[in-house]
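Reader: I would like to take a close look at one part of this model with you. Could you walk me through it at an easy pace?

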Amino acid sequence: MSNAAGGTKEKVVPLAVARANEFKIDWSAYTPPKPRRHGNAHLRRISLHELIERIDWTPFFRAWELAGKLSRHPRGQGGGRKRQKLYADARKMLEHIVREKWLTAKGVVSFWPCRRDGDDVVLFEDDTRSKEISRLYFLRQQVEKRAPRANMCLADFISPRPTGSAASR
């Protein structure tokens, strides 16, 4: 099958089929690291230069309908030259933003005891895991996969061990 953009349209499987093909991890020997504290940590001084170096440019190029990889060599064919010019212009604009101090980067990260519950991740107030404080809902890939590829979900990477037991810590 092909879609309007000329690409191949992928077959979507029912959610139950995708869940049956989840990414499997053996959690039996896993002992999670213990954070020094639970809750929020505020990041107040984040280097914009460091952030710029970590940008994933793929969505940017897709928005400009220039999908593909950024070539380190501007001699690329067709879209490669356009991508290279767009990238150079964007970097120039980012350098201007940093130089003129238009933006300040700040952030918050949070550390909470958690466990997987299906395609969700449950966050708990403390290590007793007796009081749920929030639940994060994740989507599972539903594109048909050939064995041995799994239909992944971010929750697959969180231990599903039961709450309240010493093994769940």
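Which residues form one aromatic cluster? Please start there, and then take me on to the salt bridges and the sheet.

Author: Happily! Please keep in mind that this is a predicted model. The aromatic cluster is formed by Trp 57, Phe 60, Phe 61 and Tyr 87. A search of the whole structure finds six aromatic pairs. One of them joins Trp 57 and Phe 60, whose ring centres are 5.2 Å apart with 80 degrees between the planes, an edge-to-face arrangement. Phe 60 also pairs with Phe 61, again edge-to-face, at 5.7 Å centre to centre and with 65 degrees between the planes. Phe 60 therefore has a part in the pair with Trp 57 and in the pair with Phe 61.

How covered are these rings? Trp 57 has a relative accessibility of 12%, so it counts as buried. Phe 61, at 2%, counts as buried too. Phe 60 has a relative accessible area of 27% and is therefore partly exposed.

Now for the charged side chains. The count comes to 15 salt bridges, and Asp 156 is a good place to begin. Its side chain meets that of Arg 116 in a salt bridge, with 3.3 Å from N to O. Because Asp 156 lies in the segment after β5 and Arg 116 in strand β3, this pair ties together parts that are 40 residues apart in sequence. Asp 156 counts as buried at 1% relative accessibility, and Arg 116 counts as buried at 10%.

Asp 156 has another partner in Arg 140, and here the N to O distance is 2.7 Å. Both residues of this salt bridge lie in the segment after β5, so the pair ties together parts 16 residues apart in sequence. Arg 140 is buried, as is Asp 156. Through shared partners, salt bridges join Arg 19, Glu 22, Lys 24, Arg 116, Asp 119, Arg 140 and Asp 156 into one network.

Arg 116 leads us to the sheet, since its place is in strand β3. The sheet is open and has three strands in the order β3-β4-β5, with antiparallel pairing. Strands β3 (114-117) and β5 (132-137) stand at the edges with a single partner strand each, so one side of each is left without a neighbour in the sheet. On average, neighbouring strands here are turned by 25 degrees against each other, direction ignored. Between β4, which covers residues 120-124, and β5, the antiparallel pairing runs over five bridges. If you would like a spot to zoom in on, Leu 123 stands opposite Ser 134 in β5.

There is also a salt bridge between Glu 132 and Arg 135, with the closest N and O atoms 3.3 Å apart. Glu 132 is partly exposed, with a relative accessible area of 40%, and Arg 135 counts as partly exposed at 22%.

To finish, let us turn to the surface. Ile 25, Met 152 and Phe 157 make a nonpolar surface patch of about 240 Å². Met 152 is found in the segment after β5, where Asp 156 lies as well. With a relative accessibility of 34%, Met 152 counts as partly exposed, whereas Asp 156 counts as buried at 1%.

How values were computed:
Residues are numbered from 1 along each chain as its sequence is written. This is a predicted model: local features need pLDDT of at least 70, side-chain atom pairs count only at pLDDT 80 or more; totals for chains, interfaces and linings use all residues. Side-chain values use heavy atoms; hydrogens and water are left out. Two strands pair if DSSP finds at least two bridges between them. Helices (H or I, at least four residues) and strands (E, at least two) are DSSP runs, numbered from the N terminus. Axes are lines fitted to C-alpha atoms, for helices over the stretch in contact, and angles run from 0 to 180 degrees between N-to-C directions. Patches are made of residues with over 30% relative accessible area and no salt bridge: like charges are joined within 9 Å, nonpolar side chains (Val, Leu, Ile, Met, Phe, Trp, Tyr) within 5 Å. Accessible areas come from the Shrake-Rupley method with a 1.4 Å probe; for residues, only the protein chains shown count as cover. A salt bridge is a side-chain nitrogen of Lys or Arg within 4 Å of a carboxyl oxygen of Asp or Glu. Buried means under 20% relative accessible area, exposed over 50%, partly exposed in between (1.4 Å probe, protein chains only). Rings of Phe, Tyr and Trp (its six-membered ring) pair if their centres lie within 6.5 Å; planes under 30 degrees apart count as stacked, over 60 as edge-to-face and the rest as tilted.
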